[in-house]
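Colleague: I'm new to reading protein models. Could we go through this one together, with me asking and you answering?

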Amino acid sequence: MEPTFVYPGKLSKSERYAALLDDYKYYIEGETDLISTMANTSAVLREAFGFFWVGFYLVHDKEWLHLGPFQGSAACTRIRLGRGVCGTCWAKGETIVVPDVDAFPGHIACSSASRSEIVLPVHDKSGAVIAVLDIDSDSLGAFDEEDSQGLQAIVAAMETVID
Ligand code: SME
């Protein structure tokens with residue numbers, strides 16, 4: 001049977017990420033298209049965790065990220081290198097956890113309901129950043145080291161299959 005990505009409420013966060021990773025690997029096998037994989041990745045993350053907003057910004061040229069596949073409300077379409085949490089993640093090439101978006105200088109508010117955020121870089125086979133995965137919560141401090149580890153494992157699995 002195909003996985004549903006809906007897990008029992010009693011699972012801890014790390015157990016939920018582990019269950020998702022197993023199902024996710026099964027699900028993405030055999031699909032190399034970047035946009036298709038990002039679209040399904042957004043969907044399964046939202047389904048498994050109920051995130052407020054989850055999606056990708058793709059590196060468009062040397063200066064701009066463009067909005068890619070996502071789940072949630074309509075969002076800003078373009079983010080400049082080094083701007084906001086996404087542009088900073090791209091510039092630094094590292095995961096950024098923001099417990100309170102109001103305390104992050106230059107945070108770009110696509111929705112006033114967003115209170116905390118995590119952004120991870122996505123790499124191609126050469127190691128270059130080709131996109132960022134952005135996840136927003138409507139609660140303060142929603143993301144921690146467990147999310148960082150769990151999401152990095154999902155992104156690593158995605159990086160192995162995309163062209
Ligand atoms: N808050 C992000 C912008 C993207 S939206 O959250 C979907 C940022 O500061 O880069």
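Modeller: Sure. One definition to start: helices and strands here are DSSP runs, numbered from the N terminus, with at least four residues for a helix and at least two for a strand. Also keep in mind that this is a predicted model.

Colleague: Okay, so where does F143 lie?

Modeller: Look at the stretch that links two numbered elements. One of them is strand 6, and the other is helix 4, which covers 145–161. F143 lies in the loop between strand 6 and helix 4.

Colleague: Is F143 buried or exposed?

Modeller: Buried means under 20% relative accessible area. F143 has a relative accessible area of 7%, so F143 is buried.

Colleague: And how do A39 and G72 count, buried or exposed?

Modeller: A39 is found in helix 2, residues 34–49, while G72 lies in the loop between strand 2 (64–71) and strand 3 (78–80). Buried means under 20% and exposed means over 50%, with partly exposed in between. A39 has 33% relative accessibility, so it falls in that middle range. G72, at 37%, does too, so the label for G72 is also partly exposed.

Colleague: What is the relative accessibility of S116?

Modeller: S116 lies in strand 5, which runs over residues 116–123. S116 counts as buried, because its relative accessibility is 0%.

Colleague: How far apart in space are A39 and G55?

Modeller: Count along the chain to begin with: A39 and G55 are 16 residues apart. Then go from C-alpha to C-alpha, and the separation is 7.9 Å.

Colleague: Let's turn to the ligand. How many residues surround it?

Modeller: Among the residues around the ligand, the closest are V85, C86, I108, E117 and D136. By type, the shell divides into 8 nonpolar, 2 polar and 3 charged residues. The number of residues that surround the ligand is 13.

Colleague: Which element gives the most to that shell?

Modeller: Strand 1 (53–59), helix 3 (84–92) and strand 6 (129–137) each supply at least two residues of the shell. The one that gives the most, with 3 residues, is helix 3.

Colleague: Which residue has a side-chain N or O atom 2.7 Å from an oxygen atom of the ligand?

Modeller: Go through the ligand's atoms by element. A nitrogen atom of the ligand is 3.2 Å from a side-chain N or O atom of H107, and a nitrogen atom is 2.7 Å from a polar backbone atom of I108. For the oxygen atom, the side chain at 2.7 Å belongs to D136.

Colleague: How much of the ligand's exposed area does the protein bury?

Modeller: Taken alone, the ligand exposes 310 Å². The space taken by the ligand is the largest cavity. Of the area the ligand exposes alone, the protein buries 99%.

Methods:
Residues numbered from 1 in each chain as written. Predicted model: local features only at pLDDT ≥ 70, side-chain atom pairs only at ≥ 80, totals over all residues. Heavy atoms only, no water. Near = heavy atom within 4 Å. Polar contact = N/O pair within 3.5 Å; in protein donor to acceptor, adjacent residues only side chain to side chain. Areas by Shrake-Rupley, 256 points an atom, 1.4 Å probe, with all protein chains shown as cover. 1 Å grid on protein atoms, 1.4 Å probe; cavity = no way out; pocket = protein on both sides within 12 Å on 5 of 7 lines; lining within 4 Å. Sits in = over half its atoms within 2 Å of the grid points. Nonpolar A, V, L, I, M, F, W, Y, C, P; charged D, E, K, R; others polar. Buried < 20%, exposed > 50% of the residue type's maximum accessible area, 1.4 Å probe, protein only.
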